[in-house]
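Here's a quick tour of one protein and the spots where something could sit or already does. Have a look at the structure first, then read on.

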Amino acid sequence: MSDSTRLPYGGADDARAGGLPVAERFRRHADALVRHRRSPLCAELMYGAAADLDAGGVVARLFAGVPVPPGSVPQLRLLAALHHLVLAGRAPALSRFYPSAGGRLAPGGAWPVARQACEQHFGWIRSRLPLTVQTNEPGRACVLFAALVWLTDRYGLPIRLLEIGASAGLNLLADRYCYVVGGEAIGDTDSPVRFAEPWRPGPRVDVRACARRLTIHARAGCDLRPLNPRRPEHRLALMSYIWPDELERIERMRSALKLAAIAPPPVAAERAGAWLRRELAGGGERTLTVVWQSLFRQYVGADEWQAISDAVGHARQPAAAAPIVWLRMEPSDDHLAGVGLVARVSPDERDFRLAVCGDHGPPVIWREDS
Ligand SMILES: C[S@@+](CC[C@H](N)C(=O)[O-])C[C@H]1O[C@@H](n2cnc3c(N)ncnc32)[C@H](O)[C@@H]1O
């Protein structure tokens, strides 16, 4: 078994595959899913769409003139549009292949039916294809929560949590979810959003004591196009990004959306660089500011990334203030190394490699090898 199959699924590596023909990007993604035994339905649809692109069929016509820069994962945009049609009840024949809609047919025959749906809903699907992938995966909270526990051990301060590229902000609620760790529930033990043994192993600290002490005293996020868990059309869009045959994720998303709808986390409609510069202008002396991002880097251009790095690097802290910690959960530079969690602690700009994890969070393997 190669290293890439031992590690959790680390995404499609689309940022590096972006120079390839679109059909090849679809195929590489499907290959990664098969290698990691993830979503057979998505793999089947991606292979089918790739063959259709090669043949100049409906998928080629759908993507004609649609910008698909490296990292934009066009295959997920198409699959989300199809899933959206199914969840909205607009593609009943296709829904028979979608477990998220109660479908029970094996994925083998799904592509010809999906191709018909592409023809039938051509205009609507084409209108969705330019939209950025907005998967808001609450499973990534397992990674954030581990880091917050570790930071509580290190600094013992209340946390101000700021998320860039937050989508609907579901990961801003990391402390409102329950994590069963070593057989014991931590976090919000009454939460409907639950994770069973997501850390293998977790941070080398007294996690139970730190989880009890952990306080998020303020939380906020930004996104170019925030989604609101209270709005039915936004909930539908958020569901459409979850792979239809991964029912555990589907159920978790439903629970997280219900929880978030009670008191939606504040997510401003703003570019990350400008928002962060303003937010970081005011920090408390007795507060640890934590900037969080997950599966975000590949969606921003070089100028925006520079603006974000400058906002963190140039943030003026009062002399006595606690540092700013920038947590990045992103695909590693080495695609065989999967997704990693890195913490940069300002002002000394030191990077700590804290963990490797799956693209959607669990399993989190804490390494802390700085
Ligand atoms: C793949 S989603 C990830 C959402 C969330 N971080 C998660 O892990 O669940 C990427 C998000 O980044 C947002 N985004 C892309 N460029 C952005 C920018 N320059 N400023 C703020 N948000 C941005 C997109 O709108 C999208 O919601």
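## A pocket shared by two domains

In this predicted model, the second largest pocket takes lining residues from two domains: domain 1 (3-128) and domain 2 (138-366) each supply at least three. The space inside the second largest pocket comes to about 340 Å³. Its lining has 19 residues, and the ones closest to the centre are Glu-248, Arg-249, Arg-252, Pro-362 and Pro-363.

Three elements put two or more residues into that lining: β4 (194-196), α13 (247-262) and β11 (361-366). Of these, α13 gives the largest share, with four residues. As for character, the lining of this pocket splits into eight nonpolar, eight charged and three polar residues.

## Around the ligand

Now over to the ligand. It has 22 residues around it, and Asn-136, Arg-140, Gly-165, Asp-223 and Ser-294 come nearest. The shell is a mix here too: seven nonpolar, eight polar and seven charged residues.

## Polar contacts and cover

Which atoms of the ligand pair up with Gln-134 and Asn-136? In both cases it's an oxygen atom of the ligand facing an N or O atom of the side chain, at 2.9 Å for Gln-134 and at 2.8 Å for Asn-136. Gly-165 joins in through its backbone instead: one of its backbone N or O atoms lies 2.8 Å from a nitrogen atom of the ligand. On its own the ligand has 600 Å² of accessible area, and the protein covers 98% of that.

Notes: Residues are numbered from 1 along each chain as its sequence is written. This is a predicted model: local features need pLDDT of at least 70, side-chain atom pairs count only at pLDDT 80 or more; totals for chains, interfaces and linings use all residues. Side-chain values use heavy atoms; hydrogens and water are left out. On a 1 Å grid over the protein atoms alone, a cavity is a set of points where a 1.4 Å probe fits but cannot get out, and a pocket is an open set with protein on both sides within 12 Å along at least five of seven lines; lining residues have an atom within 4 Å of a point. Grid points are joined across faces, edges and corners, and a volume is the space filled by probe spheres set on the points. Ala, Val, Leu, Ile, Met, Phe, Trp, Tyr, Cys and Pro count as nonpolar, Asp, Glu, Lys and Arg as charged, and the others, Gly among them, as polar. Domain bounds come from an automatic or database domain assignment. A residue is near a molecule or strand if one of its heavy atoms lies within 4 Å of it. A polar contact is a pair of N or O atoms within 3.5 Å; within protein, one must be able to donate a hydrogen and the other to accept it, and residues adjacent in sequence count only if both atoms are side-chain atoms. Accessible areas come from the Shrake-Rupley method with a 1.4 Å probe; for residues, only the protein chains shown count as cover.
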